[in-house]
Amino acid sequence: MKQEYFVVVLAHSLRGRLRRVHIPHSAVYAVLILAFLGCFSLAGFVASYSRMALKVANYNALKRETDSLRNRYQALLRNVSETDTQLASLQLYAKEVTLAYGIKQQIEGSSDISAQDKLVPTFAESLEDYDFLRRVNVLDLRNKAAHRLQRTMEKPTAWPLDGRLLSPFGTRTDPFSEEGAFHKGVDISAPTGTPVHATAGGIVVFSDFRSGYGRLVVVDHGGGFHTCYAHLSRFSVHAGQEVRRGDEVGQVGSSGKVTAPHLHYEVLYGGTPVNPIRYMLSKASVTQAESVPKEYGPF
């Protein structure tokens, strides 16, 4: 049986000669299949390239949005800090007025004996008075620290202890959530009980337990500089105390949100975390003040 084929007639324009070309059906089908496969592959390549370009564009847009949100977050932190200070000051004034009015009432007394308040305060009232006195003490310490820091300003240019750098400043994988997170300081490995030293002179403005940080000491060095020493096992200073470069502020521990004993160290300028490595120039000053007596004893 003869194979089916297509006939293509070719005619020469000058000689007038005709030529017939026999093309089998199978060859035509093969060419069509190859053309279809080529178009399909080209379409797949174009689609893959388009998806990749779209992902890159989305990534760049998300990165810009993240940078914008980070800047807004830092601005909000500064605003919240200023607002908290103003609110505490207003609460102090309101409490002073309330106390003055209450004292006046107690001195003058009430015309109706049944209307007189009970002499023993309730637990809630005692707790409220304690919180008020604590806020007054913190405000007083901050005011005193501000006056003392106006005379001097010292940048934190030393290592808080002699140890190995575990985690740097910046974006990293959170060890608990295993997701991307911004690390506001550096982690320095050291055994529990290792002394932690102030990296510059200043005033201790916070020495207490804070969620996530554990036992935390914050030192104000003036000029907008603060340093934070977190996850301590014990305090060596108290709020309001003046320290010099090299003075012990605490000891390494594992309090707060940690996986192993280490020191979390932060440097803040104008309330914004900056890379501490830029200021950690020397380890020599870590022990230089150990022989100098402190102005205050341990907390």
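Me: Why is Arg-70 called partly exposed?
Reply: In this predicted model, Arg-70 has a relative accessibility of 29%. Buried requires under 20% and exposed over 50%, so Arg-70, at 29%, falls in between and counts as partly exposed.

Me: What makes Arg-70 and Asp-67 a salt bridge?
Reply: The N to O distance between the side chains of Arg-70 and Asp-67 is 3.3 Å. The cut-off is 4 Å from a side-chain nitrogen of Lys or Arg to a carboxyl oxygen of Asp or Glu, so the pair qualifies at 3.3 Å.

Me: What separates Arg-70 and Asp-67 in helix H1?
Reply: Helix H1 covers residues 25-108, and Arg-70 and Asp-67 are 3 residues apart in it, which means a separation of about one helical turn. Asp-67 has a relative accessible area of 35%, a value between the limits of 20% and 50%, so Asp-67 is partly exposed.

Me: How many salt bridges does a search of the whole structure find?
Reply: The search finds 2 salt bridges. One of them joins Arg-245 and Glu-154, whose closest N and O atoms are 2.7 Å apart, and this is within the 4 Å cut-off. Arg-245 lies in the loop between strand E11 (242-243) and strand E12 (248-252), and Glu-154 in the loop between H2 and E3, so the pair ties together parts that are 91 residues apart in sequence.

Me: Are Arg-245 and Glu-154 buried or partly exposed?
Reply: Arg-245 has 18% relative accessibility, under the 20% limit, so it counts as buried. Glu-154 has 24%, which lies between 20% and 50%, so Glu-154 counts as partly exposed.

Me: What lies 6.8 Å from Glu-154, C-alpha to C-alpha?
Reply: That residue is Gly-222, 68 residues from Glu-154 along the chain. Gly-222 is in strand E9 (residues 214-222). Its relative accessible area is 6%, under 20%, so Gly-222 is buried.

Me: Why does Gly-163 count as buried?
Reply: The relative accessibility of Gly-163 is 17%, which is under 20%, so the term buried applies. Gly-163 lies in the loop between helix H2 (123-149) and strand E3 (164-167). Its C-alpha atom is 5.8 Å from that of Ile-188, a residue 25 places away along the chain.

Me: How many aromatic pairs does the structure hold?
Reply: It holds 4 aromatic pairs. Among them are Phe-225 and Tyr-269, with ring centres 4.8 Å apart and planes at 50°. Centres must lie within 6.5 Å, and an angle neither under 30 nor over 60 degrees counts as tilted, so this pair is tilted. Phe-225 belongs to strand E10 (residues 225-235) and Tyr-269 to strand E13 (residues 262-269), so the pair links distant parts of the chain, 44 residues apart.

Me: What makes Phe-225 buried and Tyr-269 partly exposed?
Reply: Phe-225 is at 4%, under the 20% limit, so it counts as buried. Tyr-269 is at 44%, between 20% and 50%, so it counts as partly exposed.

Me: Why is the pair of Phe-225 and Tyr-279 called edge-to-face?
Reply: The planes of Phe-225 and Tyr-279 meet at 75° and the centres are 5.6 Å apart. An angle over 60 degrees with centres within 6.5 Å is called edge-to-face, so the term fits. Phe-225 lies in strand E10 and Tyr-279 in the segment after strand E14 (272-274), so the pair ties together parts that are 54 residues apart in sequence. Tyr-279 is at 13% relative accessibility, under 20%, so it counts as buried. Phe-225, Tyr-269 and Tyr-279 form one aromatic cluster.

Me: How do you know that Arg-210 lies over the face of Phe-206?
Reply: Arg-210 is 4.5 Å from the ring centre of Phe-206. The distance limit is 6 Å, so the distance condition is met, and Arg-210 is placed over the ring face.

Me: Which residues does Thr-194 touch, not counting residues up to four places away in sequence?
Reply: Thr-194 touches Gly-250, Gln-251 and Val-252. Thr-194 itself is in the loop between strand E6 (186-189) and strand E7 (195-197). A polar atom of its side chain lies 2.7 Å from the backbone oxygen of Pro-191, so the distance is within the 3.5 Å limit for a polar contact.

Technical notes: Residues numbered from 1 in each chain as written. Predicted model: local features only at pLDDT ≥ 70, side-chain atom pairs only at ≥ 80, totals over all residues. Heavy atoms only, no water. Helix = DSSP H or I, 4+ residues; strand = E, 2+ residues; numbered from the N terminus. Polar contact = N/O pair within 3.5 Å; in protein donor to acceptor, adjacent residues only side chain to side chain. Contact = heavy atoms within 4.5 Å. Buried < 20%, exposed > 50% of the residue type's maximum accessible area, 1.4 Å probe, protein only. Phe/Tyr/Trp six-rings, centres within 6.5 Å; stacked < 30°, edge-to-face > 60°. Lys NZ or Arg CZ within 6 Å of the ring centre and 35° of its normal.
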